[in-house]
Structures are given as C-alpha cells and as structure tokens.
Amino acid sequence: MSSAGEGLSRPLPEQVRSHVVELASQILGSMPAAAVPPPLRTIARFDPRKRAKLGGTPIAAQLETDKEFRELVAEALTSGWPELVASLAEGSVPPAAEPVMVAAAAYLTRPPGWAEMVENARADIERSAVAAEGSALEQTLTRLREQLAAQKTAAKEESDRLREQLKGARTEISDLRRKLHEARERAKAADARAAEMEEAAQEARAAAASAGSTGESELRRLRERLADSERQLEAARRAAREGRSVEDTKVRLLLDALADAAAGLRRELALPSSISRPADSVASVAPGRPGVQAVPARALADDDPALLDQLLTLPQVHLIVDGYNVTKTGYGTLTLADQRNRLLTGLGALYAQTRTELTCVFDGAELNGPVPVSAPRGVRVLFSTPGQTADDLIRQLVRAEPAGRALAVVSSDREVAESVRRMGARPVPAGLLLKRLGRA
C-alpha cells in the first residue's frame, strides 16, 4: 500500500495523531480478543472513553510498526470516507477536505506520495493555526482599543464633572465670604450705634444732673429724653443680641457649668468665701493635715460601677445614650419597639431623680416609616437621618457642645468610645447604665 523506503521525517501533527489514535481505539474495542495485537490486549479492556487517552502512545506505536493493524484501521476509515480515500489513491487531494482528515487518511492508507500529503496537510494545519491566532490577536487588540477609548471617554467626562464641581464650590465659597463680610460689617455698625446711644444716654444723665435747679418742667423734659435714649439703647442692644451667633449660647452654657462646678467644688472642699492670699498658693503641708500623696485619686476606670454615679453629680452634665447599643446589650430578644419603650421609661425615671440633660439616639436606618415615640419628660429622643448612622449623630452632638462642658456617652461600641474620648467626652459602657436603671 506504500512505496518502499517512503516515510515521515517528523512525527505526525498532534491533531492528526489524536484523530488516528481515536479511530484505532474504536476499532480495537470491536476486534475479537484473539485478533488484538498482544501489546494492546490490556488497553482493549479499558473503558472506551478512556482507551484513547490512557493508551494513546502504545496505540500510535502499534500503528507505526504493525502493518496489519494499520490496514485494519484504514479499512474502517475507508468505509467512512470512501471518496476521500479514492481521491488520495489517485494522487489528488480534494480541495474542500479538512487537512487533519487528509493527513490521517494518507497516513493509514499509505497511497503513493503519502508522506508528502501528510507534510502538505501539516503546512495547512500550521497556516490555519497561525491565521486563527492572528485573528484572535486582532480581536483582542480591537477589544483593548475599544476599552481604552471607553476609559478615555469616561475619564474625560469625570474630569469635566469634577471641574464643574470645583467651579461651583469656588462660587459658593466666594458667596459665603461675601456674606460673612457683610455680616461683620452689620455687626460693627450695630456696635457703633449702641456706643452712640450709650454716649447719648450718659450725656442726657449728665445734663439732667446739672440742670436739676432749672425747674420741674425742664427735669421732666430731660427725663423723657433720657427714657427715649434708654429705649433706643435697649432696642439697639436687643438687635445686637439677636444677631449674635450660636457660639454665645455655647459660651453661656459653659459659663453656667463652670459656675455650678465652682460652687459645688467650694461646697465639697468647704472652701472659705474670702479671697485667698498669695502666700496661700505656696505648696506646703499644713500642721495636722495629711500630705499630698494621701489624697485619693478621683479618676475612675470605665468599668467602675461608681463611674456613672459620679458623672451624674457633675454640674450641667449632658448624658448621650447610644439607644440600640444599650437595648441590644440588656434586652436584645425584645422587638425594637419594646426595646425603645423600656429604655426610654428607665431614662425618664433617671431624669426624675437627677435632673440631668439626657439625649437618647437611635439608628433611623431600620425604620420603614415614621415611628410614634412618646419621649418621657426631660429625655430628648433623636433618630439618625437617611444615609447617617447613629454613631455619626452621636459625634455630631458631642462636637456641638462647647469645649469644657461635662459630656458622657453611653455605648459599648469601641469605635464610638474612642472617637468621643478624643473629642473630650467620657465614654461609659452600656452595662453601667443598665445597672443604674435597674436600681431606679
């Protein structure tokens, strides 16, 4: 079936080899046991799906060396592709035939010039692989170019958007600066008018004092002028007070807290009401009194049961409660509504005992709609707005207070405790408040 001395200079292409081995493995399974070549008898007993995979190398070697086995496989190929085999036997290759099938048929049937046919098929297979690889690379390059163009477009749009935002921010800042300047000018003008009115009132009082001997009518006229001046001065002062910022309220609150703290400290330490003398400030130990190191420390640990009681005695203290953090620590098995009602009831009793300013903050993210909450007397109840957590609202409340006011935040959330501590508030674990409410 082949010419003498004709053979391949290189191994079969992998696709052709796989196809020939697959065909041979199918024939191997249908052969009688006695007709199976001895080297392949063990492989013939393999599962048909694993025969070509596990016995590929022995089958290929047997096809190369066993002419009878190869011709048997060639007969099966000829029955399936008679036209292709006939064309190869005549020395021509059908133009539409697949290169893999041409090479497999030429290798098995061995027509004249079969080695050249296999090599030509190998060249066709390699060209097809190169063309397919080039097409894939071209598609990949096109896709990457499209992605790059899309990213450039998105980057340009983002850059334009940021420029517009920056422009708007600059315009807003300019407007705010202008409004601030105008407000300062108005404040200066109000102060000037108040000074003028005060000066006029002083002049009126001086004139009334010097002209007391001129008669009752002149005195009455001057008194009327003085009253008018005082009314104008009071109106100017009222206008100036109403124009002040919220910082005045914070300062007043802080001054009240300092005054109450000073009065409480004076009462606790039994300080005399008289003014101390410079010699009293010199550090020393008076006769009959303990040394400095005998004074007990007043600072308490965060988990000290006496911490909350001591904080509640501070003047003008503001106690901020992380609502759900406390309720889920103490009675998390209840519904949210029952948790809120139980905590607010306890806080109401605590206010009735201490008259401390109490603010209870709940997370509004879990609410599906307006929640009717009956806040007890003296307890401020707040829910966080959409997009805001209860932790953020607590930090806002702490920042809103004047520096130096006594603040305590009840929460076992470590992140909340650390952040409010940095802002000057004293964190208190939820368990201490639950114990305090249990005693109420």
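## Strand S1 and its two faces

His318, Ile320 and Asp322 point one way from strand S1, while Leu319 and Val321 point the other way, and all of these residues are buried. In a regular strand the side chains alternate between the two faces of the sheet. Strand S1 is thus described as mostly covered, with 5 of its 5 residues buried. The model discussed here is a predicted one, and the descriptions that follow should be read with that in mind.

Strand S1 has partners on both hands in the sheet, and each pairing can be followed residue by residue. With strand S2, S1 pairs in the parallel sense over 5 bridges, and within this pairing Ile320 stands opposite Thr359 of S2. With strand S4, S1 again pairs in the parallel sense, here over 4 bridges; Ile320 stands opposite Val409 of S4, and Val321 stands opposite Val410 of S4.

## The sheet as a whole

What is the order of the strands in the open sheet? The sheet has 5 strands in the order S3-S2-S1-S4-S5, and the pairing is parallel. Strand S3 (379-383) and strand S5 (426-428) stand at the edges, and because each has a single partner strand, one side of each is left without a neighbour in the sheet. From one strand to the next, the twist averages 20°.

Strand S4, which covers residues 407-410, pairs with S5 in the parallel sense over 3 bridges. Ala408 of S4 has Arg426 as its bridge partner in S5, and Val410 has Val428 as its bridge partner in S5. Both faces of S4 are covered, since Leu407 and Val409 on one side and Ala408 and Val410 on the other are all buried.

## Helices against the sheet

Helix H12, made of residues 323-331, lies across strand S1 (318-322), strand S2 (357-362), S3 and S4, and runs at about 60° to S1. Helix H14 (390-400) also meets the strands, for what covers the buried residues of H14 includes S1, S2, S3, S4 and helix H15 (414-422). The buried residues of H14 are Ala390, Leu393, Ile394, Arg395, Leu397 and Val398.

## Aromatic residues

How many aromatic pairs does a search of the whole structure find? The search finds 2 aromatic pairs. Tyr324, Phe362 and Phe383 form one aromatic cluster. Tyr324 also has a charged neighbour, as Lys328 lies over the face of Tyr324, at 5.6 Å from the ring centre.

## Gln388 in its loop

Gln388 has its place in the loop between S3 and helix H14. Is Gln388 buried or exposed? Its relative accessible area is 15%, and because buried means under 20%, Gln388 is counted as buried.

Leaving aside residues up to four places away in sequence, Gln388 touches Asp363, Leu393 and Gln396. Asp363 is 25 residues from Gln388 along the chain, and yet the C-alpha atoms of these two residues are separated by 8.2 Å. Leu393, another residue that Gln388 touches, is itself one of the buried residues of H14.

## Helix H4 and its surroundings

Away from the sheet strands in sequence, helix H4 covers residues 56-65, and in this helix Gly56, Ile59, Gln62 and Leu63 are buried. Seen down the axis of H4, these buried residues fall within an arc of 130°, and therefore they line one face of the helix. The face turned away from that buried side carries the exposed residues Thr57 and Thr65.

What do the buried residues of H4 pack against? They pack against helix H1 (14-30), helix H2 (41-44), helix H3 (48-54), helix H5 (67-80) and helix H7 (99-109).

## The whole protein

In the protein there are 16 helices and 5 strands, and buried residues make up 29% of the 440 residues. Among contacts between residues at least 6 apart in sequence, 62% join residues at least 24 apart.

Note on methods: Residues numbered from 1 in each chain as written. Predicted model: local features only at pLDDT ≥ 70, side-chain atom pairs only at ≥ 80, totals over all residues. Heavy atoms only, no water. Pairing = 2+ DSSP bridges. Axes fitted to C-alpha atoms, helices over the stretch in contact; angles between N-to-C directions. Contact = heavy atoms within 4.5 Å. Phe/Tyr/Trp six-rings, centres within 6.5 Å; stacked < 30°, edge-to-face > 60°. Lys NZ or Arg CZ within 6 Å of the ring centre and 35° of its normal. Buried < 20%, exposed > 50% of the residue type's maximum accessible area, 1.4 Å probe, protein only. Arc of directions from axis to C-beta.
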